[in-house]
Amino acid sequence: MKYAVQVNASPYASNAGLNAYRFIQAALAAEHQILRVFFYKEGIYHAFRYAKPPEDEFSITRHWSALAEQYGVDLVVCISAAQRRGLLCLDEAARQGKQDDDTAPGFRIAGLGQWLEATLLADRSIVFG
């Protein structure tokens, strides 16, 4: 089965992102396909490169990046939600005169059309948060 997954909650406001991550792990283990994970609204905070939770806490951003690297999961961050919250990709940072890319490895920034496309191609779409 093909899934499109949307994450709307910040990593520290609820367990929605962690539940999405665990769902995706289970789906991949069962040989399902994750077409795309779309981070929207407060969910964009999962993509911040420089987020550093305390050493004894689970780093969801690092685990998302590892999931993208290991399984090739497409992690897409909504561009409008990201700009409103100060998350800039390299191109947007350069356009605004900044020098750094705020997005963690494995994440990319795109529009809602990416979410729409994933829902059209998926057998099921699931929203967390």
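Me: Which residue places a side-chain polar atom 3.3 Å from the backbone nitrogen of A13?

Reply: A polar contact is a pair of N or O atoms within 3.5 Å; within protein, one must be able to donate a hydrogen and the other to accept it, and residues adjacent in sequence count only if both atoms belong to side chains. Here the partner is S10, whose side chain has a polar atom 3.3 Å from the backbone nitrogen of A13. This is a predicted model, in which local features need pLDDT of at least 70 and side-chain atom pairs count only at pLDDT 80 or more, while totals for chains, interfaces and linings use all residues. Residues are numbered from 1 along each chain as its sequence is written, and side-chain values use heavy atoms, with hydrogens and water left out.

Me: Where does S10 lie, and is S10 buried or exposed?

Reply: Helices (H or I, at least four residues) and strands (E, at least two) are DSSP runs numbered from the N terminus, and S10 sits in the loop between β1 and α1. Burial is read from relative accessible area (buried under 20%, exposed over 50%, partly exposed in between, with a 1.4 Å probe and protein chains only). S10 has 14% relative accessibility and therefore counts as buried. Apart from neighbours within four places in sequence, S10 is in contact (heavy atoms within 4.5 Å) with E42, G43, Y45 and H46.

Me: In what order do the strands of the sheet stand?

Reply: Strands of a sheet pair through backbone hydrogen bonds, either parallel or antiparallel. Two strands count as paired if DSSP finds at least two bridges between them; in this model five strands form an open sheet with parallel pairing, in the order β4-β3-β2-β1-β5. The edges are β4 (107-110) and β5 (124-128), each with a single partner strand, so one side of each has no neighbour in the sheet. From one strand to the next the twist averages 25 degrees (axes are lines fitted to C-alpha atoms, for helices over the stretch in contact, and angles run from 0 to 180 degrees between N-to-C directions).

Me: How many bridges join β1 to β2, and which helix does the chain pass through between β1 and β2?

Reply: Strands β1 (residues 2-7) and β2 (residues 33-39) run parallel and are joined by six bridges; among the bridge partners in β2, V37 is that of V5. The chain goes from β1 through α1 to β2 in a right-handed β-α-β crossover, a term used when, with the strands pointing away from the viewer, the path from the first strand over the helix to the second runs clockwise. Six of the seven residues of β2 are buried, so β2 is largely enclosed by the rest of the structure.

Me: How is the ring pair of Y3 and F23 classified?

Reply: A pair of aromatic rings is described by the distance of the centres and the angle of the planes. Rings of Phe, Tyr and Trp (its six-membered ring) pair if their centres lie within 6.5 Å, with planes under 30 degrees apart counted as stacked, over 60 as edge-to-face and the rest as tilted. By this rule there are nine aromatic pairs. For Y3 and F23 the ring centres are 5.2 Å apart and the planes stand at 90 degrees, so this pair is edge-to-face. Because Y3 belongs to strand β1 and F23 to helix α1, the pair ties together parts 20 residues apart in sequence.
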